[in-house]
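Work through the exercises below with the sequence and the model side by side. Each task is followed by a solution in steps.

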Amino acid sequence: MFGTAKSFGVTFAHMFKKQVTEKYPEVRKPTAPRYHGRHILNRHPDGLEKCVGCELCAWACPADAIFVEGGNNTEHARYSPGERYAKDYQINYARCIFCGLCIEACPTRSLTMSNEYELAADNRKDLIFTKEMLLAPLMEGMEQPPHPMRLGDSEKDYYVKALDDPGTSVGAERSQREQWVADHTAADSEAARLAELRDEAAVTEDEHPSKAPNLAGDPSKEVKK
Ligand code: SF4
Ligand code: SF4
């Protein structure tokens, strides 16, 4: 009897709490920028693939979710600036646990993770993403491989130039992340600083009215007229 009443007590208590249910799928709340979602195989600014088929991502994967088969680039068919490229590349999302170890292992920043999380399917086959599905789309100025190297004579030229023009990986992520950090920290730290100043002002004014900090000029102290 007491146990039943206690259980109902928990239920009733929750009836008056603020609801946290997301109205998904009608409302899709954006994830944090560093959320580990579906992978992307990135491209250099001329469209060549960043993946060099080294298989380090596959070796790093604890769930054995990645399959890579490397192939040799030739002068007539070049897919990446290096010697090798990924002839075949697959990620099995029935196995992937989204740990991110593969993207840490990738030496070329070819493999990164997006924020996409809608990956459900009603059969296992559809959860195996092929290279074509994972490759970043061609953006303006990019050309569908195979084609010759357009940004330099060696792969080193590509990696040096990537510092300024990262193609479809690091740059976009970084600017998005910086914006998110700015949005979530600047306002918070400014609010905390102002709250601190207000507390300090209140205490000092009580004790020594003439020594209260002068907050004139602080935008937060502007009076609405
Ligand atoms: S995120 Fe983790 S589990 Fe998924 S493919 Fe990469 S290493 Fe494997
Ligand atoms: S994605 Fe990166 S680690 Fe994986 S095969 Fe390609 S270059 Fe190597």
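**Exercise 1. Contacts of Leu41**

Task: List the residues that Leu41 contacts, leaving aside neighbours within four places in sequence.

Solution. The model is a predicted one. Step one: set aside the neighbours within four places of Leu41. Step two: read off what remains. Leu41 is in contact with Glu49, Cys51, Tyr89, Ser110, Leu111, Lys131, Leu134, Leu135 and Ala136. Step three: place Leu41 in the core. The largest nonpolar core has 21 residues, and Leu41 is among those with the most contacts inside it. Cys51, Cys57, Ile66 and Cys102 are also in that group. Step four: ask which strands feed this core. β1 (39–41), β2 (66–72) and β3 (84–92) each supply at least two residues. β3 gives the most, with four.

**Exercise 2. Strand order**

Task: Give the order of the three-stranded open sheet and name its edge strands.

Solution. Step one: the order is β2-β3-β5, and the pairing is antiparallel. Step two: look for strands that pair on one side only. These are β2 and β5 (128–129), the edge strands. Step three: count the bridges between β2 and β3. Seven bridges join them, in the antiparallel sense. Step four: find a facing pair. Ile66 stands opposite Ile91 of β3.

**Exercise 3. An annotated site**

Task: Which residues does the UniProt annotation "binding site" cover, and how far do they spread in sequence and in space?

Solution. Step one: take the positions from the record. The unreviewed UniProt entry marks Cys51, Cys54, Cys57 and Cys106 as "binding site". Step two: compare sequence with space. These residues are spread over 56 residues of sequence, yet they cluster in space, with a largest C-alpha distance of 10.4 Å. Step three: check the ligand shells. Around ligand 2 there are 14 residues, and Cys51, Cys54, Cys57, Cys106 and Leu111 come nearest. Step four: sort that shell by class. It has 10 nonpolar, three polar and one charged residues.

**Exercise 4. The shell of ligand 1**

Task: Name the residues that come nearest to ligand 1, and divide its shell by class.

Solution. Step one: ligand 1 has 13 residues around it, of which Cys61, Cys96, Cys99, Leu101 and Cys102 come nearest. Step two: the shell divides into 12 nonpolar, one polar and no charged residues.

**Exercise 5. Two cysteines in loops**

Task: Are Cys51 and Cys106 buried or exposed?

Solution. Step one: locate them. Cys51 lies in the loop between β1 and α2 (56–60). Cys106 lies in the loop between α3 (101–105) and β4 (111–113). Step two: apply the cut-off, 20 or more other C-beta atoms within 10 Å for a buried residue. Cys51 has 26 C-beta neighbours inside 10 Å, so Cys51 counts as buried. Cys106 has 21 other C-beta atoms within 10 Å, so Cys106 is buried. Step three: list contacts beyond four places in sequence. Cys51 has Leu41, Ser80, Tyr85, Ala86, Tyr89, Thr108 and Ser110. Cys106 has Leu56, Cys57 and Leu111.

**Exercise 6. Arg43**

Task: Why does Arg43 count as buried, and which residues does Arg43 touch?

Solution. Step one: Arg43 sits in the loop between β1 and α2. Step two: Arg43 is buried because 24 other C-beta atoms lie within 10 Å. Step three: not counting residues up to four places away, Arg43 touches Leu48, Glu49, Lys50, Ala136, Met142, Gly167 and Thr168. Step four: take one of these, Met142. Arg43 and Met142 are 99 residues apart along the chain, and their C-alpha atoms are separated by 8.7 Å.

Technical notes:
Residues are numbered from 1 along each chain as its sequence is written. Chains are lettered from A and ligands numbered from 1 in the order in which they are written. This is a predicted model: local features need pLDDT of at least 70, side-chain atom pairs count only at pLDDT 80 or more; totals for chains, interfaces and linings use all residues. A residue is near a molecule or strand if its C-beta atom, placed from the backbone, lies within 6 Å of it. Ala, Val, Leu, Ile, Met, Phe, Trp, Tyr, Cys and Pro count as nonpolar, Asp, Glu, Lys and Arg as charged, and the others, Gly among them, as polar. A nonpolar core is a set of buried Ala, Val, Leu, Ile, Met, Phe, Trp, Tyr and Cys residues joined through C-beta atoms within 7 Å. A residue is buried if 20 or more other C-beta atoms lie within 10 Å of its own, exposed if 12 or fewer, and partly exposed in between; C-beta atoms are placed from the backbone. Two residues are in contact if their C-beta atoms, placed from the backbone, lie within 7 Å. Two strands pair if DSSP finds at least two bridges between them. UniProt positions are given in the numbering used here, feature names are shortened, and annotations may be inferred rather than shown by experiment.
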